[in-house]
Amino acid sequence: MSTPEINPQARSVASTQSEMTEIILPNDANVLGNLLGGRLMHFIDLTGALAAFRHARTHVVTAAMDHIDFIRPVHVGDLLILKSSVNRAFTTSIEVGVKVWVEHPLTGLMLHVASAYLVFVAIDDHGQRVRVPQLIAETADEQRRYADALLRRQHRETEVARRRQERMATASLENPGAAARRDSTIDSQ
Ligand SMILES: CC(C)(COP(=O)(O)OP(=O)(O)OC[C@H]1O[C@@H](n2cnc3c(N)ncnc32)[C@H](O)[C@@H]1OP(=O)(O)O)[C@@H](O)C(=O)NCCC(=O)NCCS
């Protein structure tokens, strides 16, 4: 794969920080008036993409969104505050952290609703992956998130490999002939 460096200079975490505020409307909610989980994930994806884009300064696609806990419900009329920043940049991928709060419209009280880590991959106008700039982690918190992002990447890689093995095992149970043919092709290479 060629990974041209379209924008190689290193960037600070602060330069990637992004924020979105949404007022929750009936169209975002279920019949109980609570924000739908899928809608929350959509807002998280968008806010994460903003930070990834500010880092890469090219198109980004979502490669993965980690496990999310929905800590408390959000109601119609609440304000949703989402903040994102890049935790670490790798070769063509970028890990972003997103934290979400609900702000009570009358009291202004802010409560933590959800957090998520997402991975975005930078691509050019032709859909080819491109190298991303390095990230400069300056503060102690930024350096902690930077170190933790590498551990999460290793965990994701292990999981992706495990799921791939699982898919191959299922495919060979469902279609043993094709699996045998595939194995003999591999042996002959
Ligand atoms: C994401 C995508 C570009 C990766 O392309 P690929 O050819 O499979 O790339 P590779 O496996 O060689 O990995 C490329 C990079 O993506 C990262 N990556 C790929 N799959 C990943 C996953 N599931 N989780 C985290 N990172 C992942 C790799 O770690 C690698 O990062 P690096 O360059 O920083 O080392 C490709 O799978 C894609 O286009 N997916 C669809 C994206 C999309 O449409 N998103 C919206 C979803 S609704």
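**Strands, core and ligand shell**

In this predicted model, G108 takes a positive phi near 80 degrees in the hairpin of strand 5 and strand 6, which has 6 residues between the strands.

User: How many bridges join strand 5 to strand 6?
Analyst: Happy to walk through this pair. One bridge within it links I94 to its partner F120 in strand 6. The two strands run antiparallel, and the number of bridges joining them is 11.

User: Which residue in strand 5 does S85 stand opposite?
Analyst: Let's look at the other pairing. Strand 4 and strand 5 run antiparallel, joined by 10 bridges, and a hairpin of 3 residues connects them. Opposite S85, in strand 5, stands G97.

User: How many of the 11 residues in strand 5 are buried?
Analyst: Good one to ask after the pairings. Strand 5 (93-103) is among the elements that give two or more residues to the largest nonpolar core. The strand is mostly covered, and its buried residues number 8.

User: Which strand gives the most to the largest nonpolar core?
Analyst: This core has 34 residues, and A52, V86, I94, V96 and F120 touch the most other members. Helix 1 (37-56), strand 4 (79-89), strand 5 (93-103) and strand 6 (110-123) each give two or more residues. With 9 residues, the top contributor is strand 6.

User: Which strand gives the most to the shell around the ligand?
Analyst: Of the 13 residues around the ligand, A64, F90, T91, T92 and S93 come nearest. Strand 3 (59-65), strand 6 and helix 2 (140-174) each supply two or more residues to the shell. The most, 4 residues, come from strand 3.

Key:
Residues are numbered from 1 along each chain as its sequence is written. This is a predicted model: local features need pLDDT of at least 70, side-chain atom pairs count only at pLDDT 80 or more; totals for chains, interfaces and linings use all residues. A nonpolar core is a set of buried Ala, Val, Leu, Ile, Met, Phe, Trp, Tyr and Cys residues joined through C-beta atoms within 7 Å. A residue is buried if 20 or more other C-beta atoms lie within 10 Å of its own, exposed if 12 or fewer, and partly exposed in between; C-beta atoms are placed from the backbone. A residue is near a molecule or strand if its C-beta atom, placed from the backbone, lies within 6 Å of it. Two strands pair if DSSP finds at least two bridges between them.
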